[in-house]
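I wanted to look up the empty space in this model and the course of one helix. My notes follow the display.

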Amino acid sequence: MVQDATGTGRRSWPPTGTELGRVVIERVQPELDGGRYAVKRVVGDRVHVSADILKDGHDVVAACVCYRAPGEREWRRAALEFAFDEERWHGEIQVDSPGIWNFSVEAWPDPFATWRADLRKRLDAEQDVASELLEGAALLHQRARSSRGERAERIAAAHTQLKNERLSLEHRLEVAFSESVAKDMEGPQDEASVTRHAEREIIVDRPLAVFGNWYELFPRSCSGQYDRHGTFRDAERHLPRLAKLGFNVIYLPPIHPIGVSKRKGRNNNPQCEPGDVGSPWAIGGEEGGHDAVHPELGTLADFEAYVAAAARYGIELALDFALQCSPDHPWIHEHPEWFFVRPDGTLRYAENPPKKYEDIYPLNFWCDDRVGLWTACRDLILFWIDHGIRIFRVDNPHTKPFAFWQWCLREVRHRHPDVIFLAEAFTRPKRMRNLAKLGFSQSYTYFTWKNAKDELAEYVSELAHSEMAEYYRPNFFANTPDILHEYLQHGGRAAFRVRLLLAATLSPTYGIYSGFELCENVPLRPGSEEYLNSEKYELRVRDYDAPGNLNDEVALLNRLRAEHPALQRLSNVQFLGSDSADVIAFCKLAEEGDLIVVANLDPHDTRETMIDVPLAALGIGPQEPFFVTDLLTGERYTWQGPRAYIRLDPRDKVGHLLRIERSQ
């Protein structure tokens, strides 16, 4: 091999023909971090693909996007079209099955299209084209030799006519500019002429990954009695209620055996009293580990019956996947090497000084038997998939190696492309974003802590309109067993109504934890976001029909979410001007119907304001009257012009969900 002057051993210039790129392909979209990560879509989406495609000289260039679904070996192709005004190529592909799709962009010089364009110019200039017609015939002859079947026969016939100088010029030109001939001549002359961009990936999920109503439920509290541990059969009795409320995902905290050693008592008391049920996240006991169910909940068969019963109501169960162990977990004795071993031989429990979590031992994902541990963790997911679970809420994924999740999620997705993973990570923004890039289908967010108008608008706009929209799918939980925000603690029933309205209309996927619909708002102590008598450590008994409940509002909002496609997307949100710092307004536009949402963020006092109406986006003239109907109350108003008056009294109306109705 000839070395270059630097002695690096690289091939001398010029390179061989197979190393030459005839065309330059740049800025391919969609793309994330230069192709390092996959963008996300859902089944049925039409994916817009674009690229800058350049070539020296005046040759006509042709391009296509080549793509294939999971498991396919052959590439499908769709043409890219050139938009002259922006010098960019555009096309679309439709993704019709879940899994990891691959796509690339190909481009090549098009000699026949170049010849036709040149021929047209010469004819317009009234030049003799005899030689050019023979050049075109040569191109047809070359393509006929490399083609097969009827196509080859058609091209050969066109070649014969175009080169026949005894035929009239008009007849030969008719052949030259025949659209059917041009169609047969589409595609590259040969493989060497094709430039191909590096492949990119698209993670395609089923629609539930983007649009869903989640409800967090502790089955052990479903008995309705303080002195009896609930079972899966008890939880089944809650299915009609939750289906009536419009929830299609029930998220279950860990359902596995709970350790006895160092078990936490009520309100996270380090001293456990007789009868204390412990934290479900302290996983593992003498009855088994992550692949077992707590015997007081029932059997594995009972769990499968619960999954099947939920499906009959159109509800899926989401299972918590928490990779941590109690001191009594079978892995402690079977695989002590999978944990952090101290110099004295004891295992390290979880702690965040000064806090100690002695009932939980973290796993050492970089232990010497990393392969064994990683494989065992993956197999736990596969185990529960075999028992009917297709959604996993992953507990604290940011405390496990990113490399593990990148490998594990891909492993599972290749086997079961319909599985959905929710990342429960409340950590620094870049960590949360990276987990989403690694393949988590959904992510928890900072929504719980965003309660002011400007911070809500800024945060949601980032989720909807920045690069995050390509990979980060938010799940707006209004509360969790760990998070009772001070806004809910001090805002009363109106605060719960406001947050419900915002969660259900801002994000396509949202959720509430049991008790939200009852406006439970008592913290463990002032300044704490922990609930008093937290369900994480004890059984709870609730009267879900208690006075002041939000059942009707929850059911109404979930029904409206199902009926109005505008609420099933995030990218269509646009915040509107409001003269009041306490009134937030935004619109969500869709071909099926446009909506405007207005909410009073002050749960205590009435607010009056003027809001901006996006007349141009709505296609309404500045002097044209139109109607808006509040879908929450049925009230109808006439509006006209770019400003509208709003008055919201939290004792009555905390907000509006307005459907735009044009007068014609």
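I began with the largest cavity and read off its lining: Phe-218, Pro-219, Arg-220, His-229, Pro-253, Pro-254, Ile-255, His-256, Ile-258, Pro-280, His-294 and Leu-297. I note that the model is a predicted one. I sorted this lining by class and got eight nonpolar, three polar and one charged residues. For the volume of the largest cavity I have about 90 Å³. I also looked up the number of cavities of 30 Å³ or more, and the count is three.

Next I turned to the open space. I put the volume of the largest pocket at about 1,600 Å³. I find 46 residues in its lining, and those nearest the pocket centre are Asn-352, Lys-355, Tyr-357, Ile-360 and Asn-396. I checked which strands contribute: E15 (350-352), E16 (355-357) and E18 (391-395) each give the lining at least two residues. By class, I list 19 nonpolar, 11 polar and 16 charged residues for the lining of the largest pocket.

Last, I looked at helix H14, residues 486-506. How far does H14 span between its end C-alpha atoms? I get only 21 Å, where a straight helix of 21 residues would span 30 Å at 1.5 Å a residue. I then looked for a bend in H14 and found one of about 135 degrees at Gly-492. I also looked up burial, taking under 20% relative accessible area as buried. On that cut-off 17 of the 21 residues of H14 are buried, so I record the helix as largely enclosed by the rest of the structure.

Conventions. Residues numbered from 1 in each chain as written. Predicted model: local features only at pLDDT ≥ 70, side-chain atom pairs only at ≥ 80, totals over all residues. Heavy atoms only, no water. 1 Å grid on protein atoms, 1.4 Å probe; cavity = no way out; pocket = protein on both sides within 12 Å on 5 of 7 lines; lining within 4 Å. Points joined across faces, edges and corners; volume = space filled by probe spheres on them. Nonpolar A, V, L, I, M, F, W, Y, C, P; charged D, E, K, R; others polar. Helix = DSSP H or I, 4+ residues; strand = E, 2+ residues; numbered from the N terminus. Expected span 1.5 Å × (residues − 1). Bend = angle between axes of the 7 residues up to and from the residue. Buried < 20%, exposed > 50% of the residue type's maximum accessible area, 1.4 Å probe, protein only.
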